[in-house]
Amino acid sequence: MVFYYNKTMIHTEYLALAYKQAEEAYNQHEIPVGALIVKNDEIICSTHNLSQQNADPTAHAELVALKIAFRQLKNKNLSGCRIYITLEPCLMCLGAIINSHIKEIYFSALDPVKGAFTHYGVSPAIDNLEIHYIKDNKCEDILSKFFKDIRNK
């Protein structure tokens, strides 16, 4: 499996903002995943998982971010946008990202359980999509802590 490793400063700064959203999710007892969408270096939206709050298993950070971006831009076509996520997208989220016409995905933690690329083996070369994995241990650590807290309750 081949990912682009594009560790330029701007991308790590956006991923750091996505991580802040993951922390917010953690504080709200949501699975700590954050996402933001950027167009022309302007942040369109920044959000996190809302599955618990909304009693909706489809309220992943990516899908929430896409819905906000559609409303903000008044368009279902998000070509020219990039999405930054603290966790590798699942199949559902990847499908939505592809259908939104976003061409660049940046994420900071692999998901060996439900990740579209690492678990399901989806080729990162699909639909001219650029997949950028920029590892950040904080993103893995907050997820591990969250699930450890659940097991200990």
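**Loop between β1 and β2**

I started with Asp41, which I found in the loop between β1 and β2 (42–48). Helices (H or I, at least four residues) and strands (E, at least two) are DSSP runs, numbered from the N terminus. Asp41 has a phi near 60°, a positive value in a residue other than glycine. I noted this because most residues other than glycine have a negative phi.

This is a predicted model, so I kept in mind that local features need pLDDT of at least 70, that side-chain atom pairs count only at pLDDT 80 or more, and that totals for chains, interfaces and linings use all residues. Residues are numbered from 1 along each chain as its sequence is written, and side-chain values use heavy atoms, with hydrogens and water left out.

**His29**

I then looked up His29, which sits in the loop between α1 (9–27) and β1 (34–39). His29 is not a glycine, yet its phi is positive, at about 65°. Buried or exposed? His29 counts as exposed because its relative accessibility is 57%. My cut-offs: buried means under 20% relative accessible area, exposed over 50%, partly exposed in between (1.4 Å probe, protein chains only).

**Overall fold**

I counted five helices and five strands in the chain. Going along the sequence, I read the pattern as α-β-β-α-α-β-α-β-β-α. The radius of gyration is 14 Å, which agrees with the value near 15 Å for a compact globule of 153 residues. That radius is taken over C-alpha atoms, and the globule rule is 2.2 Å times the number of residues to the power 0.38. Along the principal axes, the C-alpha atoms fill a box of roughly 45 × 35 × 30 Å.

I also checked burial and contacts: 45% of the 153 residues are buried. Of the contacts (heavy atoms within 4.5 Å) between residues at least 6 apart in sequence, 61% join residues at least 24 apart.

**Nonpolar cores**

Which residues have the most contacts inside the largest nonpolar core? I got Ile37, Ile102 and Ile105, in a core of 36 residues. A nonpolar core here is a set of buried Ala, Val, Leu, Ile, Met, Phe, Trp, Tyr and Cys residues joined through side-chain atoms within 4.5 Å. Helix α3 (residues 61–73) gives the most to this core, with five residues. Apart from this core lies another, of eight residues, among them Leu15, Ala18, Tyr106 and Ile134.

I listed what Ile105 touches, leaving out residues up to four places away in sequence: Ile83, Ile85, Leu94, Ile97, Leu129, Glu130, Ile131 and His132.

**Ile131**

I followed one of those partners, Ile131, to strand β5 (residues 130–133). Ile131 is buried because its relative accessible area is 1%. I set Ile131 against Ile31: they are 100 residues apart in sequence and 23 Å apart in space, C-alpha to C-alpha.

**Tyr19**

Last residue on my list: Tyr19 lies in helix α1. I have Tyr19 down as buried, with a relative accessible area of 12%. What does Tyr19 touch, not counting residues up to four places away in sequence? I found Thr86, Lys138, Cys139 and Ile142. Between Tyr19 and Glu104 I noted 85 residues in sequence and 18 Å in space, C-alpha to C-alpha.
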